Amino acid sequence: MAVAEISSPSYTTKSGLLQSSQLSSLSTHLHNHRCCSFRPLPRTQYAKISCSVAPNQVQTPLPVQAEDPKGKPECYGVFCLTYDLKAEEETKSWKKLINVAVSGAAGMIANHLLFKLASGEVFGPDQPIALKLLGSQRSLQALEGVAMELEDSLFPLLREVSIGIDSYEVFQDAEWALLIGAKPRGPGMERAGLLDINGQIFAEQGKALNAVASRNVKVIVVGNPCNTNALICLKNAPNIPAKNFHALTRLDENRAKCQLALKAGVFYDKVSNVTIWGNHSTTQVPDFLNARINGLPVVEVIKDRKWLEEEFTEKVQKRGGVLIEKWGRSSAASTAVSIVDAIKSLVTPTPEGDWFSSGVYTTGNPYGIAEDIVFSMPCRSKGDGDYELVKDIKFDDYLWKRIAKSEAELLAEKKCVAHLTGEGIAVCDLPGDTMLPGEM
Ligand SMILES: NC(=O)C1=CN([C@@H]2O[C@H](COP(=O)(O)OP(=O)(O)OC[C@H]3O[C@@H](n4cnc5c(N)ncnc54)[C@H](OP(=O)(O)O)[C@@H]3O)[C@@H](O)[C@H]2O)C=CC1
Ligand SMILES: O=C([O-])CC(=O)C(=O)O
């Protein structure tokens, strides 16, 4: 663990641990020397030093040490250096640093996402960011590789990077938790088995968020089956508002917009008001009834209702699987883009008259969808991180029938994970045709 000795005015460095008795004087020292962050680690006597990085501002380097057998998150490499702000930077109105935790950080999706987060593309060019990367014993080396690439990218807004394998450490003070890590379904594995294995990951991570994250942390669950994983996570985090948990269905929305644009012969920015209803699975319902192209109802622009009900719907539902057949792996870059879209939709006001899809907690929903599940529905945001469900939605028999199928699937998934949500003994009887988008 990195440590700074506090006896010298420009402190020297060595590896070792800092005793709690030294904390307050070191804190004052670092503050006086404009070191940017100084935090006691939870559940230990020791302090972690992890300093802000601004361009061309090297002052006194602290040691580089990423490995920790106990798996505590460490400031990584260049992110452990002490920097001083240049005069012109001091007056710049940087926003307060935000803590973003990412699980599955050595995986394929994260490999795209982290660089977008660090570049300022997601939270804006004046928003410094701390990335807290969660891996496992299995991925610790790879995680160091990720951190090295982040170092080499010289992102001015990336002020801290820490890596770790203990969610209680990594999620400390997290304001965003992007939960990507999950075991992929292997050959011969039942969906019920996947629900159980991944459900345990999300139960544990829910508990960790509940214990150490910001009380207003926003959580986006990506790891599949993401709706039920999000439900498990929120049930294990009773001190965090259930409304703060999302299951990622934005990729499905983007896929639907692309297909509608293709069919109508327009660029995809002309397609709006697309809702994905339900589960991120092959029962999901891409809603063409309420969607618009150039401001007109889709059904007035694309008059082929059979195409909309059959070809379009199935194409969106199975897009992930077709991509896996082509690529030999599941969507990673476009998923990362859709995570960026999902975050931006929460931190910027939704354009007038439009909405976005997100898998959110159903309790209190205005549509009559079963309570107490995580279901993708149309949302609007004022840009404050929160959202409201959209009220003026049309339904017809076709749409209701499809929504009911996805609802039934999620209710069945919920029964499978009752042991993980504190609701008793699990009974797993899933509909036979229930599949992830990546399954064919
Ligand atoms: N909602 C959506 O729209 C989409 C969701 N997904 C889902 O996102 C998840 C991540 O995808 P992707 O990044 O491509 O996958 P990768 O396989 O590249 O990475 C997943 C990470 O999950 C972690 N993991 C956690 N627990 C286990 C476990 N028990 N066994 C194996 N690995 C585990 C691993 O990291 P570590 O060892 O560090 O824990 C691994 O690096 C998957 O669940 C996938 O199905 C994918 C596309 C779209
Ligand atoms: O099943 C998967 O892992 C891939 C997936 O969710 C998608 O492409 O939508």
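Let's start with ligand 1: 26 residues surround it, and the nearest of them are Gly 104, Gly 107, Gly 135, Ser 139 and Lys 183. This is a predicted model, so please read every value below as computed from that prediction. Ligand 1 lies between domain 1 (63–247) and domain 2 (250–421), because both domains give residues to the shell around it. Beyond the ligand, here is a quick tour of a small sheet, two helix pairs and two backbone details.

**Around ligand 1**

- Sorted by class, the shell holds twelve nonpolar residues, twelve polar residues and two charged residues.
- Lys 183 is listed among the residues that come nearest to ligand 1, together with Ser 139 and the glycines at 104, 107 and 135.

**A three-stranded sheet**

- Three strands form an open sheet in the order E12-E15-E16, and their pairing is antiparallel.
- Strand E12 (271–272) and strand E16 (296–297) are the edge strands; each has a single partner, so one side of each is left without a neighbour in the sheet.
- Strand E15 (residues 292–293) is joined to E16 by two bridges, and this pair runs antiparallel.
- Which residue of E16 is the bridge partner of Ile 293? That partner is Leu 296.

**Helix pairs**

- A pair of packed helices is described by the angle between their axes and by the distance between those axes.
- Helix H3 (residues 108–119) packs against helix H11 (residues 333–347) at an angle of about 40°, and their axes are 8 Å apart.
- H3 and H11 are therefore oblique to each other, and their crossing is right-handed.
- Helix H7 also has a packing partner, helix H12 (residues 397–416): the angle is about 50° and the axes are 10 Å apart.
- That angle makes H7 oblique to H12.
- The crossing in which H7 passes H12 is right-handed.

**Backbone details worth a look**

- Is the peptide bond from Asn 224 to Pro 225 cis or trans? The bond is cis, with omega near -5°.
- Pro 225 sits in the loop that runs between strand E10 (218–221) and helix H7 (226–235).
- Asp 173 is not a glycine, yet has a positive phi of about 65°.
- You will find Asp 173 in the loop between helix H5 (167–170) and strand E9 (176–179).

Technical notes: Residues are numbered from 1 along each chain as its sequence is written. Chains are lettered from A and ligands numbered from 1 in the order in which they are written. This is a predicted model: local features need pLDDT of at least 70, side-chain atom pairs count only at pLDDT 80 or more; totals for chains, interfaces and linings use all residues. A residue is near a molecule or strand if its C-beta atom, placed from the backbone, lies within 6 Å of it. Ala, Val, Leu, Ile, Met, Phe, Trp, Tyr, Cys and Pro count as nonpolar, Asp, Glu, Lys and Arg as charged, and the others, Gly among them, as polar. Domain bounds come from an automatic or database domain assignment. Two strands pair if DSSP finds at least two bridges between them. Helices (H or I, at least four residues) and strands (E, at least two) are DSSP runs, numbered from the N terminus. Axes are lines fitted to C-alpha atoms, for helices over the stretch in contact, and angles run from 0 to 180 degrees between N-to-C directions. Angles under 35 degrees count as roughly parallel, over 145 as roughly antiparallel, 65 to 115 as roughly perpendicular and the rest as oblique. A crossing is left-handed if the near helix is turned anticlockwise from the far one by less than a right angle, and right-handed if clockwise.
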